[in-house]
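Student: Please take a close look at one part of this model for me, the place where the two chains meet. I would like one connected account of what is found there.

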Amino acid sequence: MSSDIVFDQAVEIPDILKSGDVVTTLVGERTRLSLRVKAADRIAVAKALGITLPAKIGKTNTKAGIMIACLGPDEWFIVGEKAKYSNLYNKALKLSSKYVMSVTDVSFRNVAVELTGPKVAEIVNVGCPLDLSLAAFPVGKCTRTVYEAAPIILHRLSEDSFAMECWRSYAPYMVGLMTAHVQGQRV
Amino acid sequence: MGDFRKTGKGVIDTQQPVSFTFDGKSYSGFKGDTLASALLANGVHLMGRSFKYHRPRGPVGAGFEEPNALVTVTRGKGRMTPNLRATAIEIYEGMMASSQNRWPGLGFDIGAFNNTFSAFFPAGFYNKTFMWPKSFWDKVYEPFIRNMAGLGPAPTEVDPDVYGAVYGHCDILIIGSGPAGLAAALAAAKKDQRVILVDENVNMGGSLIGAGHVSIDEKSASDWVAKALKDLNKADNVVLMTRTSAIGYYHDNFVALAERLTDYIPEAQIGKTREKLHRIRAGKVILAQGAIERPLVFNGNDKPGVMLTSAAQTFLNKYGVAVGKEVAVFTAHDSAYSAAFELADSNVRIAAIIDAREGVSAELISAAEGRGIDVHIGSVISKTGGKKRVRSVEVYEPVHNTQKTIACDALLMSGGWTPSLHLWSQSKGSIKWDEAKGVYLPDLANENCVCIGSCNGDFGIKAALDAGSKAGGGRKVYKTDEPVFGSGQVFDHLPNYIKPSKTKAFVDFQNDVTDKDIKLAVREGFKSIEHVKRYTTNGMATDQGKLSNLNALEIAAKALGKQAPQVGLTTFRPPYTPTTFGTFCGYRTDDLFEVTRKTAIDPWAEAQGAVFEPVGIWRRAWYFPKAGEDMHAAVARECKATRDSLGIFDASTLGKIEVVGPDAAKFMNIMYTNPWSKLGVGACRYGLMLGENGYIYDDGVVGRIAEDRFHVTTTTGGAPRVYRHMEDYLQTEFPELDVWLTSTTEQWSVIALNGPNARKLIEPFVEGIDLSPEAFPHMNVREGKICGVPTRLFRVSFSGELGFEINVPSHYGRAVWETLFAAGEQFDITPYGTETMHVLRAEKGFIIIGQDTDGTVTPQDAGMSWIVSKKKKDFVGKRSLQRSDLVAEGRKQLIGLLTDDPKTVLEEGAHIVADPDQSIPMDMLGHVTSSYWSESLGKSIAMALVKDGFNRMGDDLYIPMEGGVTHKAKVVKPVFYDPKGERLNVV
Amino acid sequence: MMLIHCPYCDEKRPEIEFAYAGEAHIVRPNAAEQQAMDDVEWSKFMFIRDNKRGEHCERWWHANGCNMYFNAVRNTVTDKFIKSYKIGQKRPSAAQIQKWKDQANG
Ligand SMILES: [Zn+2]
C-alpha cells in the first residue's frame, strides 16, 4: 500500500466532545465480521475459530482485542483488533465448507465512537430510546437500535462507557446530534 | 393606578426589583413575578383584546389556563414569541412584552367595531357568510378573515435559538407538585425506584404556595413544602423538574415533557438550549394536576378586572398582589368564601359577596358578617359597569326583582371546580360524570396511571396529601388545619331581567363564544357536542377550553333538553398547553433535520465544485461544471469526454447485499426473474426483481464471488426496501433455505470508470488480476488489489463503453479515487455526475427503476421479456405475470422517441397523444419518462411509456405543451447508441 | 410510541425499532398451487385482507433490533398488544387469545 492511501472514517470528533462530563473518541481501524451460524454448528464453529459465540441475543463475549456480540438468533457481530484478527475472515471462510454458516467482512461499513463519563447515558439517550439503567442495560449488553434517524449498534463497555457504531454515512449525523446536545448545554 | 403590592406575601424577592416594558411603557416588578402579577401590582388589568370582537380583556386566571392575557415577547432578531400567557411567563430585567390582536393600540382598537356590530357576528357567522360566490374567496373573504383573525403575529424571521430533545425513563412519573404530587413523591422516594416530579411552574408546591392560613402536620404549609422539597432534593432517586409542562400522553406511558430553560434569563444567550423535549417512558404515571376553577356565565363577565376567585387568591398568596382595592365576589361555591376572607384579612375591602345559591351555610355567612362583608344570597350579577376595567356590578335578586349597583374595581367569580383530565383522557382513560359534584372524574385507567387529589375530585389539602401518599406507595395519614372546602351548585343558566338580545355572557373568552352562540348552534340543529364545538369554536382556542368546556356542555345540554353526561365531552388532544415548534423539532433542524448520506468521495466532489442532487437520502454529485458552464454544457462535455476517452463516476451509493450460504443460488432463483444456478464463479449477470404483483421492483448487476456467495447490487434508492423484501421472503416464506443476507452498501466505495481508456488507466495499479479481454471479459468480477488495497473489480458498463466498477473498502475510497484521478490526466479523465450517467444509459436504452418504471410496469411492458425465465417453476411475481390484466392488449409499453426537430428536448412527464387536433380533454396515450440532449448523437433522445407502444414503431406521436406548442416525435426502439454493443470490446 | 415485545429478543422495545409488515398467516402458495389458482383466487391471496376491527394477527419486523420477522396479536381498537410469537407458530385460536388475555390480566 502506498503512503498516500489515507484511511478516512467520514467523521472527526469535535473538540467539544473530547472533554467534559463525557469524553468521546473515534475508534480506529478494526476487523468487523458478520457471522451467521446455524444453531447446531454454533459450538463447533466457535471452537474452530477460537472464540466464544454467546447463545443469547444481546450478550457479548469480550477478551483481549476482540468482542463478539449476539445480535440475532443466529447472528454474531465480531469486532477485533486489526493486527491480531485480520485473518479471522479467511479462517471463517474456510469453515464454510464444513458447517452451515456464512461470514461477511464489514470492517469498513461501520464507524465507531466510544463515550465515557458520568453523564454518558444522557448523551446516548439524546437519540436512543432505550432504558439505559444498569438493570435494563447491563454492562456487556449489545444491541442494534436507533440514534434518532440513524440505525446503530450500542454496546455498554462499563457503567459509564458505551461504544456506538453506525454505518459510515450516518456517522456525521450521529456525532452531529451529540455535538448539538453538548453545545446547547455548554454555552 | 396605584400600588397593589402586599408585602410579606408570596414567593417574590422584594430585594430584587426588575424593570420591563409592556406596550413600550416601563414598569417595575420583582424577581419571581409573572408578567401578569407585575402588571396587576401596577394596577394594570387591560392586557389584551379578544379574538373576534376585540373586546378589552384582562387576566381571568393566574396560570397556564389563562385565555385572555396573551402577549408577545420580543428579545431580538428572530426571537419573538407570540401568544404567551402573561400569567405564566416570568419577568426578567429588560423584558419587552406587548399586547396582541389590537390595532393601532390596546386602548383604541379599530377592530372593536366588530363588537359594536356583534349582532351580525353570531355563531357560525364565518361559515354562513363566506360561502358564495366562490370567486370572492381569494380576493375578498380570505384576506378579510386573515386580517381579522389570528392572535399574535407569526414570526417572519428564522428562529436563531436552539432546542433539544432527550429520552428518559423512570419508574414513577408524577405530574403536578401540589399537595398530592408532593406527598406522592415523598412516599415514592422511599422505595428503590426512579421518580420524576414535574411542574409547569417555577416553584413547586401548587396551591400550598403562600397558603399561610393552612398547616400540615403542625407546620405552616410553606414550611412543609420547603421541608418536602429539601428531602426530595436529597434523594438521589428523585429528579425534580420545574418550568416543565407535560404536553402529551401517548401509548405505554410515553409522556412528552416540554422544559423551558432560558426564557426567564435576562441575557439568554443564543446557542444555549432554549427548550427541551423530554420523551419519558414511565412505569407508572401519577397525575396530580389539580382542578381549574369554573367561571360563571353572566352578562358582562369579560371586563378587565373580572377574574376567577382562585386567581385572585393566587396573585395574593404567591405574588403578594391584590387584584383590586374594592373587590366584589360572585359565587356559586363555598370555596370562594375562604378566598374572600384571605383578601379581607390582607386589608382588601370586599365590596360584597353575591351568591347565586339560595342555601348557604350559616357559618360562612356569619364568618363574612364578622368581617363586615355584605352577603347577597339568591342573587346574581345582571350587568357590570366600566369600559376598560370593571367599575361596578349590578346585583339582581330575582325573587324580589330588585337591582342594586355596587362599586368595585375587581370582580371575582367562582362557579365551582373542573378536575384537570386532559392527560388522563389523552391516555385513553375513561371518565364518568359525578352528579353530586357536577363534574367529570376519572373512571377506568387504560395505562398504569392514577389521578390523585383534586383532579380526581378529592378536593381539599388533606384529601390530596393522603391520596398522594397512597399513590406513591406509602401509608401516611396527614393532619391539616384548613378551611372546609365545601360544595357548590352548578348553574346552566343565571337569571337576568335584561332581554337576552341586550346581554353578552361569555363562555369561551379567547374565542368570544357566548351562551347565546351555543344555544343558537343547538337551535340550528347541531346535536353532537363535537359539532357544537366546531360551529361555535368553543374550546378551540389556544387554551383548549380549559375554562369553557364544562360551561359550554351545561348550556348545550340544557338547550338539548338532556343531561350533561348524555351529551358528552369533546376530545382532549395534545399538546396540553401551546408549545413552540422548536421544542417539537429538538436538534433536528438544519444539517440534522434529516440524515444526508454522503459517500467517501463526496468531499472530493465538493472541493471540485460539483453540483449535488438528492437521491433517496443520499446526496450525489449531479454534474461538475467548469467556469462559465451551465448544466447543459457541463453534461455535454462530460458525456463526450467519457465516450471519447475516459470518465470517472462515483457509484458508491448503489445498494449492495451479500447473499451467502449453501442455498444462495436457490434463493437468488426465487428473488429474481432470471436463473442463477449456472452462473459461473467470477461471472456477473444483470438481475431483474419483481414484486409479488409482477411489477418491476428493482434491478442491478450481481456477481458470483464463490459457489455460495453472490455480490448483489441494487438501485441507490431501492437498497433498504430490497433488503427488507429479501429478508421477508427468506424468513417467512423460505425459512428452510440456508442462506444469509448482509447489507454491504457501505463496506465498499465504488469507482466507475467508463471509456475506451478505462483499462489503460487501471493496469498499472492492479495486482493479482489479469485484465486482458480474454482473461477478464465483459460481465465478470475478479478479486485482487488496486493501489495496494483489496478490490472486487467488476467489468461492467452502464454506459455502453468499456467499463469497470472498482469496489474498494470505503475508508480507502477517496484515496484510491484521487490516485486514479491523478494518473488519469494523460487520458483527460473527466469526472461526471448522475446526469451524465443518466444520459449515457439512456443512449443505450437502459432503464432507471422509478423513472422509466412506476410500479405498474411489467418486464414485458419494459421490453424485457428476455430476462424472465420460462423454465423456473417459481420466482416472486411469476404467477401475477400470468394475470389476464397483465397480458392484455393495450398496456403501456416502453419505447424510444426521436423528435422531429432534433434540437427539441421533450419535457419529462409530458403527455403523449396520437392526434393533436382532438378536443380537450385529449385521449392520452402515455408520457415521456426520460429525455435528454445526446451530445454523442447530436440530437435529443427520449423514452416513453405509450399505450400499445410496440405496435407503433415508426408512427408519429404528438406532445402538446402548455402555451399551444406541440412537438412531433417518431416512435423508435429505445436503443440509440451503438446498438450492437461493439464499444464494450475496445482493446 | 408503543412498546412491542419481540419474541426473539424477549424484551419490550420501542416501536421506532420496528416496521409493520401487514396481516399474518397469509401463506404464499407454492409453485404448483399458484398454477392451480385462477385469477380470482390469486387476487384474493394478493390483495384481500381482513382489515379487522379488534384482535388482529399481524407481522412485525424488528428491523433495528434482532432483524427478525415475527407475528403478534394486537387489538386494532385499543392498540394493545396481546401477545407476540415467533414465525412458524400457528395462528392462535380465539380460545388461545382469550387465555393470553387472562394471563396478562393476572
Ligand atoms: Zn428482536
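Tutor: In this predicted model, 25 residue pairs are in polar contact across the interface of chain A and chain B, both residues of each pair being at pLDDT 80 or more. On the side of chain A that touches chain B, five elements give two or more residues: strand S2 (30-37), helix H3 (88-95), strand S6 (101-105), strand S7 (110-116) and helix H5 (171-186). Of these, H5(A) gives the most, with eight residues. Sorted by class, this side of chain A has 24 nonpolar, 17 polar and eleven charged residues.

Charged residues bring us to the salt bridges, and there are four of them between chain A and chain B. One salt bridge joins Lys38(A) to Asp738(B), with 2.9 Å between the closest N and O atoms. A cut-off helps here: the pair counts as a salt bridge because a side-chain nitrogen of Lys or Arg has to lie within 4 Å of a carboxyl oxygen of Asp or Glu.

As for the extent of the contact, chain A contributes 52 residues and chain B contributes 49 residues. The two chains bury about 4,200 Å² between them, and carbon and sulfur atoms give 55% of that area.

The chain A side can also be placed within its own chain. Chain A is divided into domain 1 (4-28 + 109-182) and domain 2 (30-105). Taken over C-alpha atoms, the centres of these two domains of chain A are 23 Å apart. The domains also touch each other: twelve residues of domain 1 of chain A are in contact with 13 residues of domain 2 of chain A. About 960 Å² is buried between these two domains, 49% of it on carbon and sulfur atoms.

Between domain 1 and domain 2 of chain A there are two salt bridges. Glu75(A) and Arg144(A) form a salt bridge, their closest N and O atoms being 2.8 Å apart. Six residue pairs are in polar contact across this domain interface, again with both residues at pLDDT 80 or more. On the side of domain 1 that touches domain 2 in chain A, S7, strand S8 (142-147) and strand S9 (150-158) each supply at least two residues. S8(A) has the largest share of that side, three residues. By class, the same side of domain 1 of chain A consists of four nonpolar, five polar and three charged residues.

Technical notes. Residues are numbered from 1 along each chain as its sequence is written. Chains are lettered from A and ligands numbered from 1 in the order in which they are written. This is a predicted model: local features need pLDDT of at least 70, side-chain atom pairs count only at pLDDT 80 or more; totals for chains, interfaces and linings use all residues. Side-chain values use heavy atoms; hydrogens and water are left out. Contact means heavy atoms within 4.5 Å. Buried area is the accessible area (1.4 Å probe) that two parts lose on being put together, summed over both. A polar contact is a pair of N or O atoms within 3.5 Å; within protein, one must be able to donate a hydrogen and the other to accept it, and residues adjacent in sequence count only if both atoms are side-chain atoms. Helices (H or I, at least four residues) and strands (E, at least two) are DSSP runs, numbered from the N terminus. Ala, Val, Leu, Ile, Met, Phe, Trp, Tyr, Cys and Pro count as nonpolar, Asp, Glu, Lys and Arg as charged, and the others, Gly among them, as polar. Domain bounds come from an automatic or database domain assignment.
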